[in-house]
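Reader: I would like the reasoning behind the labels, not just the labels. Shall we take them one at a time?

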Amino acid sequence: MPSLEEELFPSTPGKFKIDRAHTMNRHFHRCFGSTSTMFLWALFLVALTASYLSFQSFVYTSSRYFTASWGGIQWEKQIRHSAQIHRSNGMSVLVTGAAGFVGSHVSLALKKRGDGVVGIDNFNNYYDPSLKRARKSLLNNQGIFIVEGDINDARLIAKLFDTVAFTHVMHLAAQAGVRYAMENPHSYVHSNIAGLVTLLEACKSANPQPSVVWASSSSVYGLNEKVPFSESDRTDQPASLYAATKKAGEEITHTYNHIYGLSITGLRFFTVYGPWGRPDMAYFSFTRNILQGKPITVYRGKDRADLARDFTFIDDIVKGCVGSLDTSGKSTGSGGKKRGPAPYRIFNLGNTSPVTVPTLVSLLERHLKVKAKRNFVDMPGNGDVPFTHANISLAHRELGYKPTTDLATGLKKFVKWYLSYYGYNHGKAVN
Ligand SMILES: O=C(O)[C@H]1O[C@H](OP(=O)(O)OP(=O)(O)OC[C@H]2O[C@@H](n3ccc(=O)[nH]c3=O)[C@H](O)[C@@H]2O)[C@H](O)[C@@H](O)[C@H]1O
């Protein structure tokens, strides 16, 4: 005979088993007996629920009072000040992931030309948060305010839109990294899917609706073999969960464009590198290891083929992002309702000049003036793809996108920054 617990909590979530209703009734009558006892029990339960709810609300209000890192008159003033536009026909942009690599560069570029910028970043510890804090100081010094919070916090995002009528959202907050998805898959769902939906919900409800430009990824081309990769190529063979969440983002943004009239531009970034970059990426971690005299692992593909990437310098990516904001076109919805068709665009932002990983290492050796200890390893089945190569003619035509920095020049700038930031002490970087 099934236990009472089994009777009350059916095994299939969301489905109540009707044939058990009779048994439930029997248990109910056994417990509560006559009508007057039932009335007293009901009164007792109502009183209990009411006191529980008021206690909950007390706990919630007081915990918000003591722990909230956002809100208040001063906070709103800082946000409005940061969002102020200082040029004619300028924009006020909410930049998510503003303390990140691409986010910090794009924020600075927008501020420099007179646009209003407000950042949001959760400062998670996927990589050294002190680097994110240093980027934040850089932005603060230029008058850019960064809210510390998560894009999954719907109340915070709604508050930001209540405070400022953002014309644009540059959505760069994400869980990045291809191989880390095997270690922490849920963080990709949290940021790249749930966070994206929370943000789009706020954008769709905002009045006026902003235009949204966001970071997709070259990884959506997955295991494709036809090169260079064009926007019209298939993207249904992702090789990593990271790629799958970015592909999902493209589908999700499409529905918000279709249903709510949000103007959407997705940018497929190709292995972005440069000063203030991400320490988890190969060019960055190779530099650290080479300087510290530690070996580096260089992956090789099938039949020992070298892996290759269309490495793209950060300044070129920034131009692509700003060009996308400038040409994004308006969202058409209001009050959460579509009023007409709005632009939906996807662009490759690459360098269209792939370089092998061993060549990347040789360039670093030249700039660092230190020999690398290479350790060649067969590419593990961890989400990597053998090569990437962008066709950028669409971005060139529509955005005027034209990358100008080759890998040798870009790495020279990166190394210069790396040594000035971390220092250089007899071959050992101080970090
Ligand atoms: O374009 C993108 O959409 C993605 O670009 C970037 O991914 P990837 O192109 O994989 O860059 P990255 O890790 O620097 O590895 C570069 C090369 O070094 C090889 N590699 C890597 C590590 C190592 O120890 N050894 C090695 O050979 C490795 O096999 C690869 O061939 C972003 O991180 C990602 O967030 C996303 O934005």
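Reader: What is the phi of Lys 369, the residue that follows H12?

Author: This is a predicted model. In it, Lys 369 comes right after H12 and has a positive phi, near 60°. Most residues other than glycine have a negative phi.

Reader: How do you know that the span of helix H12 agrees with its number of residues?

Author: H12 has twelve residues, 357-368. The rise is 1.5 Å a residue, so the helix should span 16 Å. Its end C-alpha atoms are 16 Å apart, which agrees.

Reader: What makes H12 largely enclosed?

Author: Buried means under 20% relative accessible area. Nine of the twelve residues of H12 meet that, so the rest of the structure largely encloses the helix. Among them are Val 357, Pro 358, Glu 365 and His 367. The buried residues pack against helices H10 (282-291) and H14 (407-422), and against strands S8 (295-300), S12 (355-356) and S13 (373-378).

Reader: Why are S3 and S11 called edge strands?

Author: The open sheet has seven strands in the order S3-S2-S1-S4-S5-S6-S11, with parallel pairing. Strand S3 (145-148) and strand S11 (344-349) each have a single partner strand, so one side of each has no neighbour in the sheet. Neighbouring strands are turned by 20° against each other on average, direction ignored.

Reader: How do you know that S1 and S4 pair?

Author: Pairing needs at least two bridges. Strand S1 (residues 92-96) and strand S4 (residues 168-171) have four bridges, in the parallel sense. Leu 94, for one, has Val 169 of S4 as its bridge partner.

Reader: Which strands does helix H4 touch?

Author: Helix H4 (residues 73-82) packs on the sheet and touches S2 (116-121) and S3. Its direction makes about 135° with that of S3.

Reader: Why are H8 and H9 called roughly parallel?

Author: Helix H8 (residues 185-205) and helix H9 (residues 241-260) pack at an angle of about 15°, and their axes are 10 Å apart. Angles under 35 degrees count as roughly parallel. Therefore H8 is roughly parallel to H9. The contact includes Tyr 188, Leu 196 and Leu 200 of H8, and Thr 245, Ile 252 and Tyr 256 of H9. H8 passes H9 in a right-handed crossing.

Reader: Is Ser 104 buried or exposed, and how do you know?

Author: Its relative accessible area is 4%, so Ser 104 is buried. The residue lies in helix H5 (residues 101-112). Beyond its neighbours within four places in sequence, Ser 104 is in contact with Gly 97, Ala 98, Arg 135 and Leu 139.

Reader: What is the omega of the bond from Asn 207 to Pro 208?

Author: Omega is near 5°, and the peptide bond is cis. Pro 208 is in the loop between H8 and strand S5 (211-217). Val 227 and Pro 228 are also joined by a cis peptide bond, with omega about -10°. Pro 228 is in the loop between S5 and H9. Most peptide bonds are trans.

Reader: What is the phi of Phe 123?

Author: Phi of Phe 123 is near 50°, a positive value in a residue other than glycine. Phe 123 lies in the loop between S2 and helix H6 (129-141). With 7% relative accessibility, Phe 123 counts as buried.

Reader: Why is Trp 276 called buried?

Author: The cut-off is under 20%. Trp 276 has a relative accessible area of 17%, so it is buried. Its phi is positive, about 65°, although Trp 276 is not a glycine. Trp 276 is in the loop between strand S7 (272-273) and H10.

Key
Residues numbered from 1 in each chain as written. Predicted model: local features only at pLDDT ≥ 70, side-chain atom pairs only at ≥ 80, totals over all residues. Heavy atoms only, no water. Helix = DSSP H or I, 4+ residues; strand = E, 2+ residues; numbered from the N terminus. Expected span 1.5 Å × (residues − 1). Buried < 20%, exposed > 50% of the residue type's maximum accessible area, 1.4 Å probe, protein only. Contact = heavy atoms within 4.5 Å. Axes fitted to C-alpha atoms, helices over the stretch in contact; angles between N-to-C directions. Parallel < 35°, antiparallel > 145°, perpendicular 65-115°, else oblique. Left-handed = near helix turned anticlockwise from the far one by under 90°.
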